[in-house]
Amino acid sequence: MLKESRITFIGGGTMAEAMIRGLLDQDAIAPDRIVVADPSDDRRHALANGYGVGVTPNNGEAASAGDIIVLAVKPQSLAGVLADLQGRVAEQNLIVSIVAGAPLARIATGTGHKAIVRSMPNTPAQIRRGITVWTATPEVTSDQIKQAQAILQSLGEDVHVDREAFLDMATALSGSGPGYVFLFMEAMVDAGVHMGFPRRVAEKLVFETIRGSVEYAEESGKHVAELRNQVTSPGGTTAAALYRMEKGGLRTVISRGIWAAYERSVAFGAQEQGVKDDGSSDG
Ligand SMILES: NC(=O)c1ccc[n+]([C@@H]2O[C@H](COP(=O)([O-])OP(=O)(O)OC[C@H]3O[C@@H](n4cnc5c(N)ncnc54)[C@H](OP(=O)(O)O)[C@@H]3O)[C@@H](O)[C@H]2O)c1
(Lines give C-alpha, C1' and ligand atoms only; values in the text may rest on other atoms or scores of the structure.)
Protein backbone atom coordinates (compact mmCIF):
# COMPACT_ATOMS: atom_id res chain seq x y z
CA MET A 1 0.00 0.00 0.00
CA LEU A 2 2.77 2.46 0.95
CA LYS A 3 5.77 0.80 -0.71
CA GLU A 4 5.67 3.05 -3.78
CA SER A 5 4.86 6.21 -1.79
CA ARG A 6 7.18 8.88 -0.50
CA ILE A 7 6.28 10.06 2.99
CA THR A 8 7.38 13.41 4.40
CA PHE A 9 7.14 14.14 8.12
CA ILE A 10 7.01 17.80 9.08
CA GLY A 11 8.32 17.68 12.65
CA GLY A 12 10.55 14.82 13.77
CA GLY A 13 9.56 14.56 17.44
CA THR A 14 8.13 11.80 19.61
CA MET A 15 5.07 10.97 17.50
CA ALA A 16 6.86 11.14 14.15
CA GLU A 17 9.51 8.79 15.49
CA ALA A 18 6.86 6.36 16.77
CA MET A 19 5.24 6.36 13.31
CA ILE A 20 8.57 5.88 11.51
CA ARG A 21 9.49 3.04 13.89
CA GLY A 22 6.10 1.37 13.37
CA LEU A 23 6.24 1.71 9.58
CA LEU A 24 9.77 0.32 9.34
CA ASP A 25 9.12 -2.51 11.83
CA GLN A 26 6.19 -3.63 9.68
CA ASP A 27 8.30 -3.27 6.55
CA ALA A 28 5.53 -1.02 5.18
CA ILE A 29 7.98 1.27 3.38
CA ALA A 30 11.74 1.53 2.79
CA PRO A 31 13.59 4.14 4.91
CA ASP A 32 14.91 5.92 1.82
CA ARG A 33 11.32 6.78 0.88
CA ILE A 34 10.86 8.76 4.10
CA VAL A 35 12.00 12.37 4.60
CA VAL A 36 11.79 14.22 7.91
CA ALA A 37 11.90 18.01 8.20
CA ASP A 38 12.90 19.29 11.64
CA PRO A 39 14.70 22.48 12.74
CA SER A 40 16.88 20.67 15.30
CA ASP A 41 20.30 19.38 14.12
CA ASP A 42 20.28 16.81 16.93
CA ARG A 43 16.88 15.42 16.00
CA ARG A 44 17.80 15.22 12.32
CA HIS A 45 21.03 13.37 13.10
CA ALA A 46 19.29 11.01 15.53
CA LEU A 47 16.58 10.09 12.99
CA ALA A 48 18.98 9.76 10.04
CA ASN A 49 21.40 7.61 12.06
CA GLY A 50 18.75 5.60 13.89
CA TYR A 51 16.43 4.78 10.98
CA GLY A 52 18.25 5.63 7.74
CA VAL A 53 15.59 8.16 6.71
CA GLY A 54 16.33 11.36 4.76
CA VAL A 55 16.36 14.62 6.76
CA THR A 56 16.25 18.33 6.02
CA PRO A 57 15.65 21.58 7.91
CA ASN A 58 13.52 22.86 5.00
CA ASN A 59 9.75 22.20 5.34
CA GLY A 60 8.85 23.45 1.87
CA GLU A 61 11.43 21.27 0.10
CA ALA A 62 10.42 18.25 2.16
CA ALA A 63 6.73 18.80 1.34
CA SER A 64 7.46 19.02 -2.37
CA ALA A 65 9.34 15.71 -2.16
CA GLY A 66 6.49 13.67 -0.60
CA ASP A 67 3.26 12.09 -1.87
CA ILE A 68 1.99 12.01 1.71
CA ILE A 69 2.86 14.85 4.07
CA VAL A 70 2.41 14.09 7.76
CA LEU A 71 2.05 17.15 9.99
CA ALA A 72 3.60 16.13 13.33
CA VAL A 73 4.44 19.44 15.01
CA LYS A 74 3.07 20.92 18.22
CA PRO A 75 0.00 23.14 17.72
CA GLN A 76 2.04 26.29 18.51
CA SER A 77 4.38 25.57 15.54
CA LEU A 78 1.53 25.02 13.10
CA ALA A 79 1.11 28.57 11.78
CA GLY A 80 4.73 28.72 10.58
CA VAL A 81 4.53 25.22 9.09
CA LEU A 82 1.35 26.01 7.15
CA ALA A 83 3.02 29.13 5.71
CA ASP A 84 6.05 27.01 4.67
CA LEU A 85 3.72 24.53 2.94
CA GLN A 86 1.55 27.08 1.13
CA GLY A 87 1.54 26.10 -2.57
CA ARG A 88 4.11 23.28 -1.99
CA VAL A 89 1.71 20.32 -1.85
CA ALA A 90 0.76 19.01 -5.30
CA GLU A 91 -2.98 18.56 -5.92
CA GLN A 92 -2.81 14.75 -6.19
CA ASN A 93 -0.98 14.43 -2.84
CA LEU A 94 -2.28 13.93 0.69
CA ILE A 95 -1.81 15.74 4.00
CA VAL A 96 -2.22 13.68 7.18
CA SER A 97 -2.34 15.76 10.36
CA ILE A 98 -1.88 14.49 13.90
CA VAL A 99 -1.76 18.04 15.30
CA ALA A 100 -4.13 18.29 18.26
CA GLY A 101 -6.94 20.82 17.86
CA ALA A 102 -6.09 21.84 14.27
CA PRO A 103 -9.34 21.93 12.24
CA LEU A 104 -9.42 20.69 8.63
CA ALA A 105 -10.47 24.17 7.45
CA ARG A 106 -7.40 25.78 9.02
CA ILE A 107 -5.03 23.30 7.38
CA ALA A 108 -6.81 23.68 4.01
CA THR A 109 -6.69 27.48 4.14
CA GLY A 110 -3.13 27.58 5.46
CA THR A 111 -1.70 25.23 2.82
CA GLY A 112 -4.07 25.86 -0.10
CA HIS A 113 -4.54 22.06 -0.29
CA LYS A 114 -7.82 20.17 0.02
CA ALA A 115 -7.08 16.43 0.43
CA ILE A 116 -6.53 16.17 4.19
CA VAL A 117 -6.88 13.51 6.88
CA ARG A 118 -7.15 14.86 10.43
CA SER A 119 -6.43 12.45 13.25
CA MET A 120 -6.24 12.23 17.03
CA PRO A 121 -3.83 9.57 18.35
CA ASN A 122 -2.96 8.88 22.00
CA THR A 123 0.17 8.17 24.01
CA PRO A 124 0.21 4.34 23.98
CA ALA A 125 1.10 4.88 20.30
CA GLN A 126 4.69 4.87 21.62
CA ILE A 127 4.40 1.07 21.91
CA ARG A 128 1.99 0.63 18.96
CA ARG A 129 -0.96 0.24 21.36
CA GLY A 130 -2.56 3.59 20.62
CA ILE A 131 -6.05 4.26 19.32
CA THR A 132 -6.31 6.92 16.63
CA VAL A 133 -9.58 8.52 15.56
CA TRP A 134 -9.54 10.11 12.09
CA THR A 135 -11.68 11.82 9.48
CA ALA A 136 -11.04 12.91 5.91
CA THR A 137 -12.12 15.70 3.58
CA PRO A 138 -14.23 14.65 0.55
CA GLU A 139 -11.22 15.27 -1.74
CA VAL A 140 -9.30 12.32 -0.22
CA THR A 141 -9.45 9.36 -2.63
CA SER A 142 -10.16 5.77 -1.57
CA ASP A 143 -6.53 4.83 -2.25
CA GLN A 144 -5.34 7.72 -0.11
CA ILE A 145 -7.68 6.59 2.68
CA LYS A 146 -5.99 3.19 2.66
CA GLN A 147 -2.57 4.86 2.71
CA ALA A 148 -3.56 7.13 5.60
CA GLN A 149 -4.87 4.12 7.53
CA ALA A 150 -1.64 2.22 6.92
CA ILE A 151 0.30 5.19 8.33
CA LEU A 152 -1.98 5.63 11.35
CA GLN A 153 -1.88 1.90 12.08
CA SER A 154 1.84 2.34 12.71
CA LEU A 155 0.59 3.77 16.03
CA GLY A 156 -1.87 0.95 16.86
CA GLU A 157 -5.58 0.70 16.06
CA ASP A 158 -7.65 3.26 14.18
CA VAL A 159 -11.29 4.32 14.08
CA HIS A 160 -12.81 6.28 11.19
CA VAL A 161 -15.48 8.92 11.90
CA ASP A 162 -17.45 10.71 9.21
CA ARG A 163 -17.86 14.02 11.04
CA GLU A 164 -15.05 16.26 12.26
CA ALA A 165 -17.04 17.03 15.43
CA PHE A 166 -16.16 13.52 16.66
CA LEU A 167 -12.50 14.57 16.79
CA ASP A 168 -13.24 16.87 19.75
CA MET A 169 -15.04 14.01 21.49
CA ALA A 170 -12.14 11.66 20.76
CA THR A 171 -9.71 14.25 22.12
CA ALA A 172 -11.62 14.21 25.43
CA LEU A 173 -12.13 10.43 25.60
CA SER A 174 -9.14 8.63 24.07
CA GLY A 175 -6.67 11.47 23.41
CA SER A 176 -6.64 12.66 27.03
CA GLY A 177 -7.82 9.24 28.28
CA PRO A 178 -4.42 7.85 29.26
CA GLY A 179 -4.08 10.78 31.69
CA TYR A 180 -7.25 9.73 33.52
CA VAL A 181 -6.22 6.07 33.59
CA PHE A 182 -2.75 6.93 34.96
CA LEU A 183 -4.38 9.03 37.72
CA PHE A 184 -6.70 6.13 38.62
CA MET A 185 -3.73 3.73 38.65
CA GLU A 186 -1.73 6.12 40.83
CA ALA A 187 -4.62 6.41 43.31
CA MET A 188 -4.98 2.61 43.52
CA VAL A 189 -1.23 2.08 44.00
CA ASP A 190 -1.13 4.76 46.71
CA ALA A 191 -4.05 3.05 48.46
CA GLY A 192 -2.09 -0.22 48.36
CA VAL A 193 0.96 1.47 49.86
CA HIS A 194 -1.26 3.11 52.50
CA MET A 195 -2.43 -0.36 53.59
CA GLY A 196 1.19 -1.57 53.82
CA PHE A 197 2.19 -3.12 50.49
CA PRO A 198 5.66 -2.29 49.16
CA ARG A 199 5.16 0.08 46.16
CA ARG A 200 6.51 -2.46 43.65
CA VAL A 201 4.02 -5.09 44.82
CA ALA A 202 1.13 -2.61 44.80
CA GLU A 203 2.06 -1.58 41.24
CA LYS A 204 2.12 -5.18 40.04
CA LEU A 205 -1.28 -5.90 41.59
CA VAL A 206 -2.81 -2.76 40.08
CA PHE A 207 -1.26 -3.09 36.60
CA GLU A 208 -2.33 -6.73 36.27
CA THR A 209 -5.80 -6.02 37.70
CA ILE A 210 -6.38 -3.32 35.08
CA ARG A 211 -4.85 -5.28 32.19
CA GLY A 212 -6.80 -8.43 33.13
CA SER A 213 -10.08 -6.56 33.62
CA VAL A 214 -9.80 -4.92 30.17
CA GLU A 215 -9.04 -8.23 28.47
CA TYR A 216 -11.78 -10.05 30.39
CA ALA A 217 -14.34 -7.33 29.51
CA GLU A 218 -13.39 -7.60 25.84
CA GLU A 219 -13.39 -11.39 25.71
CA SER A 220 -16.61 -11.86 27.68
CA GLY A 221 -18.46 -9.35 25.49
CA LYS A 222 -20.66 -8.54 28.51
CA HIS A 223 -21.75 -5.05 29.57
CA VAL A 224 -19.27 -3.73 32.14
CA ALA A 225 -22.11 -3.13 34.63
CA GLU A 226 -22.89 -6.88 34.52
CA LEU A 227 -19.24 -7.73 35.14
CA ARG A 228 -19.19 -5.29 38.05
CA ASN A 229 -22.32 -6.92 39.52
CA GLN A 230 -20.67 -10.34 39.27
CA VAL A 231 -17.87 -9.27 41.63
CA THR A 232 -20.17 -7.41 44.04
CA SER A 233 -21.39 -9.88 46.68
CA PRO A 234 -24.16 -8.63 48.97
CA GLY A 235 -22.63 -6.96 52.01
CA GLY A 236 -19.13 -7.78 50.75
CA THR A 237 -15.86 -5.91 50.35
CA THR A 238 -16.41 -4.73 46.76
CA ALA A 239 -19.89 -3.48 47.68
CA ALA A 240 -18.40 -1.49 50.57
CA ALA A 241 -15.78 0.10 48.31
CA LEU A 242 -18.21 0.87 45.47
CA TYR A 243 -20.67 2.46 47.90
CA ARG A 244 -17.96 4.84 49.15
CA MET A 245 -16.76 5.63 45.63
CA GLU A 246 -20.26 6.38 44.32
CA LYS A 247 -21.06 8.43 47.42
CA GLY A 248 -17.89 10.43 46.73
CA GLY A 249 -19.25 11.17 43.26
CA LEU A 250 -16.64 9.16 41.33
CA ARG A 251 -18.88 8.53 38.31
CA THR A 252 -20.04 12.16 38.17
CA VAL A 253 -16.50 13.48 38.57
CA ILE A 254 -15.30 11.31 35.68
CA SER A 255 -18.19 12.38 33.49
CA ARG A 256 -17.70 16.07 34.30
CA GLY A 257 -13.95 15.82 33.78
CA ILE A 258 -14.35 14.33 30.32
CA TRP A 259 -16.99 16.93 29.46
CA ALA A 260 -14.58 19.69 30.56
CA ALA A 261 -11.92 18.26 28.22
CA TYR A 262 -14.48 18.18 25.39
CA GLU A 263 -15.49 21.81 25.99
CA ARG A 264 -11.82 22.83 26.06
CA SER A 265 -11.18 21.02 22.78
CA VAL A 266 -14.18 22.69 21.10
CA ALA A 267 -12.99 26.09 22.37
CA PHE A 268 -9.44 25.47 21.06
CA GLY A 269 -10.91 24.57 17.66
CA ALA A 270 -12.99 27.76 17.54
CA GLN A 271 -9.91 29.79 18.51
CA GLU A 272 -7.86 28.01 15.80
CA GLN A 273 -10.51 28.82 13.15
CA GLY A 274 -9.98 32.49 13.99
CA VAL A 275 -6.19 32.24 13.62
CA LYS A 276 -4.93 33.53 10.31
CA ASP A 277 -2.15 31.84 8.36
CA ASP A 278 0.43 34.30 9.71
CA GLY A 279 -0.49 33.21 13.24
CA SER A 280 -2.38 36.42 14.09
CA SER A 281 -5.94 36.29 15.40
CA ASP A 282 -9.27 37.77 14.35
CA GLY A 283 -9.85 38.48 18.03
N1 LIG B 1 2.62 12.74 22.13
C2 LIG B 1 1.37 12.23 22.11
O3 LIG B 1 1.05 11.24 22.78
C4 LIG B 1 0.31 12.86 21.23
C5 LIG B 1 -1.00 12.35 21.28
C6 LIG B 1 -1.96 12.93 20.43
C7 LIG B 1 -1.62 13.95 19.58
N8 LIG B 1 -0.33 14.42 19.58
C9 LIG B 1 0.00 15.52 18.68
O10 LIG B 1 1.09 15.15 17.86
C11 LIG B 1 1.83 16.33 17.53
C12 LIG B 1 3.29 16.04 17.74
O13 LIG B 1 3.50 15.74 19.12
P14 LIG B 1 4.91 15.23 19.66
O15 LIG B 1 4.66 14.70 21.03
O16 LIG B 1 5.56 14.36 18.64
O17 LIG B 1 5.70 16.64 19.74
P18 LIG B 1 7.28 16.87 19.76
O19 LIG B 1 7.98 15.68 20.32
O20 LIG B 1 7.50 18.21 20.39
O21 LIG B 1 7.66 16.94 18.22
C22 LIG B 1 7.48 18.08 17.41
C23 LIG B 1 8.75 18.24 16.59
O24 LIG B 1 8.53 19.28 15.64
C25 LIG B 1 9.68 20.11 15.63
N26 LIG B 1 9.34 21.44 15.13
C27 LIG B 1 9.11 22.58 15.83
N28 LIG B 1 8.85 23.61 15.00
C29 LIG B 1 8.92 23.10 13.73
C30 LIG B 1 8.77 23.66 12.44
N31 LIG B 1 8.45 24.95 12.27
N32 LIG B 1 8.92 22.85 11.37
C33 LIG B 1 9.21 21.55 11.52
N34 LIG B 1 9.38 20.95 12.72
C35 LIG B 1 9.23 21.72 13.81
C36 LIG B 1 10.13 20.12 17.08
O37 LIG B 1 11.45 20.59 17.15
P38 LIG B 1 11.89 21.36 18.52
O39 LIG B 1 11.72 20.38 19.62
O40 LIG B 1 13.33 21.72 18.21
O41 LIG B 1 10.98 22.55 18.64
C42 LIG B 1 9.96 18.65 17.45
O43 LIG B 1 11.10 17.89 17.07
C44 LIG B 1 1.31 17.46 18.41
O45 LIG B 1 0.50 18.34 17.65
C46 LIG B 1 0.48 16.76 19.43
O47 LIG B 1 -0.63 17.54 19.81
C48 LIG B 1 0.64 13.90 20.37
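What follows is a walk through the domain layout, the main nonpolar core and two helix packings of this protein chain. The model is a predicted one, so everything below describes computed geometry.

The domain assignment splits the protein chain in two, with domain 1 covering 7-162 and domain 2 covering 177-267. Taken over C-alpha atoms, the centres of domain 1 and domain 2 sit 35 Å from each other.

Next comes the core. The largest nonpolar core counts 52 residues. Within that set, the members touching the most others are I10, M19, V36, V70, L71, A72 and I95. As for secondary structure, helix 1 (residues 14-25) is the top contributor to this core, putting in six residues. A72, one of the well-connected members just listed, is worth a look of its own. Once neighbours within four places in sequence are set aside, A72 is in contact with F9, I10, G11, G13, M15, A16 and I98. I10 thus turns up both among the contacts of A72 and in the list of members that touch the most others.

On to the helix packings. Two packed helices are described by the angle between their axes and the distance between the axes. For helix 8 (residues 177-195) and helix 9 (residues 199-220), the axes come within 9 Å and cross at roughly 135°. An angle from 115 to 145 degrees is neither roughly perpendicular nor roughly antiparallel, and helix 8 and helix 9 are therefore oblique to each other. The crossing of the pair is right-handed. On the helix 8 side, the contact is made by M185, M188, V189, G192 and V193, while helix 9 brings in R199, A202, E203, L205, V206 and I210.

Helix 7 (residues 165-175) and helix 12 (residues 250-273) make up the other pair, packing at an angle of about 140° with axes 8 Å apart. Helix 7 and helix 12 are likewise oblique to each other, and their crossing is right-handed. Here helix 7 supplies D168, M169, T171, A172 and L173, and these meet I258, A261, Y262, S265, V266 and G269 of helix 12.

Back in helix 9, I210 gets a closer look. I210 is among the residues of helix 9 that make the contact with helix 8, yet I210 counts as partly exposed because it has 14 C-beta neighbours inside 10 Å, whereas a buried residue needs 20 or more. Along the chain, I210 and R128 are 82 residues apart, and their C-alpha atoms are separated by 19 Å.

Technical notes
Residues numbered from 1 in each chain as written. Predicted model: local features only at pLDDT ≥ 70, side-chain atom pairs only at ≥ 80, totals over all residues. Core = buried A, V, L, I, M, F, W, Y, C linked by C-beta atoms within 7 Å. Buried ≥ 20, exposed ≤ 12 C-beta atoms within 10 Å, placed from the backbone. Helix = DSSP H or I, 4+ residues; strand = E, 2+ residues; numbered from the N terminus. Contact = placed C-beta atoms within 7 Å. Domains from an automatic or database assignment. Axes fitted to C-alpha atoms, helices over the stretch in contact; angles between N-to-C directions. Parallel < 35°, antiparallel > 145°, perpendicular 65-115°, else oblique. Left-handed = near helix turned anticlockwise from the far one by under 90°.
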